[in-house]
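Please work through the exercises below with the sequence and the model side by side. Each task is followed by a solution that goes step by step.

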Amino acid sequence: MAKGKAPRRTLDSYTLRHINKTIKAGDCVLMRPAERSKPQYVARIERIEADARGGNVKVHVRWYYRPEESIGGRRQFHGSKEVFLSDHYDVQSADTIEAKCTVHSFKSYTKLDAVGNDDFFCRFEYNSATGAFNPDRVAVYCKCEMPYNPDDLMVQFHPACIEMTAEEVKLLDHYFCETCLSEDPKKLQNSLASSVDLDTKVANSYFLLVL
C-alpha cells in the first residue's frame, strides 16, 4: 500500500537562522534567484508550513514582477524600485529567502526621506498570463504627458521638458508654461496655492497601459 503524504502544519511565524530574521504571513522578502547574476526575486509570503517535526519549512508566496519581467518590459515612467503584484503563486523552500524587504504603496514611497536597498513600491497588479495591469491607466503630468516616475525630479513638470537644469528649477518660486500663461488669471492663482506634493499635482490626462 502506498504511503500517504505526511501531514504538514501551518506556522504563525518562523525564524530564519541564516539571516537571523523572523518571518510571518504578509511579510515581503527577497529570494535567491535561479541565476546569481540576476537580481533577487521579490515576493509576499502568503503562508508558512512545516512537516510534523517542524522541519522542511516551505513558504507559499505571491511573486512581485519587476518591469523588465513583464510582457511589455520596462518603460520610461517605471521607477528603479518599482514592482508589480502578480497573480503568480508559488511554493519555495524557506532557505531561499535572503532578506526581508518593504513594498510600499506608491504614495508612501514618494514620501520617504531616503530609499534603502530593501525599499520597493507597487502601484499596479499584473496578470502574468495576459500582461494586463490593474488599474489599466495612470495619470500623466508635464508637457510630455508621461506618468510620474519618482526617480525623476518633477514639480508639475520635468526640468528637461522646459529646457532647464534641476539646479535652476530648485531656485524657482513658481513656473507657468505658455499654455498656463494664456489662461484665466484666477486659474493661475489657484495653481499658486497648490502643493508640489503628489497628492495635489494636477494630472493632464491619463495614460492607458497597453502592450
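Two residues are in contact here when heavy atoms of theirs lie within 4.5 Å. The model is a predicted one, and the exercises start with a residue whose contacts are listed in full.

**Exercise 1.** Find S86 in the model, and work out where S86 lies, whether S86 is buried or exposed, and which residues S86 is in contact with.

Solution. Begin with the secondary structure, where S86 belongs to strand β7, which covers residues 84-93. Next take the accessibility: the relative accessible area of S86 is 0%, and since buried means under 20%, S86 is buried. Then list the contacts, leaving aside neighbours within four places in sequence, and you obtain R62, W63, Y65 and Y126. Finally, look at W63 in more detail, where the backbone oxygen lies 2.7 Å from a polar atom of the S86 side chain.

**Exercise 2.** Describe how strand β6 is placed among its partners, and explain why strand β6 can be called largely enclosed.

Solution. Strand β6 spans residues 58-65, and seven of its eight residues are buried, so the strand is largely enclosed by the rest of the structure. On one pairing, strand β5 (residues 41-51) is joined to β6 by seven bridges, and the two run antiparallel; within this pairing, A43 has W63 of β6 as its bridge partner. The connection between β5 and β6 is a hairpin with six residues between the strands, and G54 in the turn has a positive phi of about 90°. On another pairing, β6 and β7 are also antiparallel, over seven bridges, and here H60 has V91 of β7 as its bridge partner.

**Exercise 3.** Locate D27, and determine which polar contacts its side chain makes.

Solution. The position comes first: D27 sits in the loop between β3 (21-24) and β4 (28-31). Although D27 is in a loop, its relative accessible area is 12%, so D27 counts as buried. The D27 side chain reaches the backbone nitrogen of K24 at 2.9 Å, and a polar contact of 3.4 Å joins it to the side chain of K100. When residues up to four places away in sequence are not counted, D27 touches T22, A43, R44, I45 and K100.

**Exercise 4.** For strand β9, decide which side chains point one way and which the other, and identify the strand that pairs with β9.

Solution. Strand β9 runs over residues 119-122, with D119 and F121 pointing one way and F120 and C122 the other way, and all of these residues are buried. The pairing is with strand β8 (residues 97-105), in the parallel sense and over four bridges. As a point to check in the model, H104 stands opposite F121 of β9.

**Exercise 5.** How many disulfides does the structure hold, and what are the distances from C101 and C122 to the nearest cysteine sulfur?

Solution. The count is zero disulfides. For C101, which is in no disulfide, the nearest cysteine sulfur is that of C28, at 5.3 Å. For C122, also in no disulfide, the nearest cysteine sulfur is again that of C28, at 9.1 Å. As for accessibility, C101 is buried with a relative accessible area of 8%, and C122 counts as buried at 17%.

**Exercise 6.** Place S80 in the chain, and find which residues S80 touches.

Solution. S80 is found in the loop between β6 and β7, and at 46% relative accessibility S80 counts as partly exposed. Not counting residues up to four places away in sequence, S80 touches R74 and D151. The pair S80 and D151 is 71 residues apart along the chain, while their C-alpha atoms are separated by 7.1 Å.

**Exercise 7.** Summarise the whole chain, and say which stretch should be read with care.

Solution. The secondary structure amounts to four helices and 14 strands, and buried residues make up 35% of the 211 residues. Of the contacts with a separation of 6 or more, 57% are between residues 24 or more positions apart. Turning to confidence, the chain averages a pLDDT of 83, and 74% of the residues score at least 70. Over residues 192-196, however, the pLDDT is below 50, and this stretch has nine contacts in the model beyond near neighbours in sequence. Where pLDDT is low, the predicted coordinates should not be read in detail.

Methods
Residues numbered from 1 in each chain as written. Predicted model: local features only at pLDDT ≥ 70, side-chain atom pairs only at ≥ 80, totals over all residues. Heavy atoms only, no water. pLDDT = per-residue confidence, 0-100. Disulfide = S-S within 2.5 Å. Buried < 20%, exposed > 50% of the residue type's maximum accessible area, 1.4 Å probe, protein only. Polar contact = N/O pair within 3.5 Å; in protein donor to acceptor, adjacent residues only side chain to side chain. Pairing = 2+ DSSP bridges.
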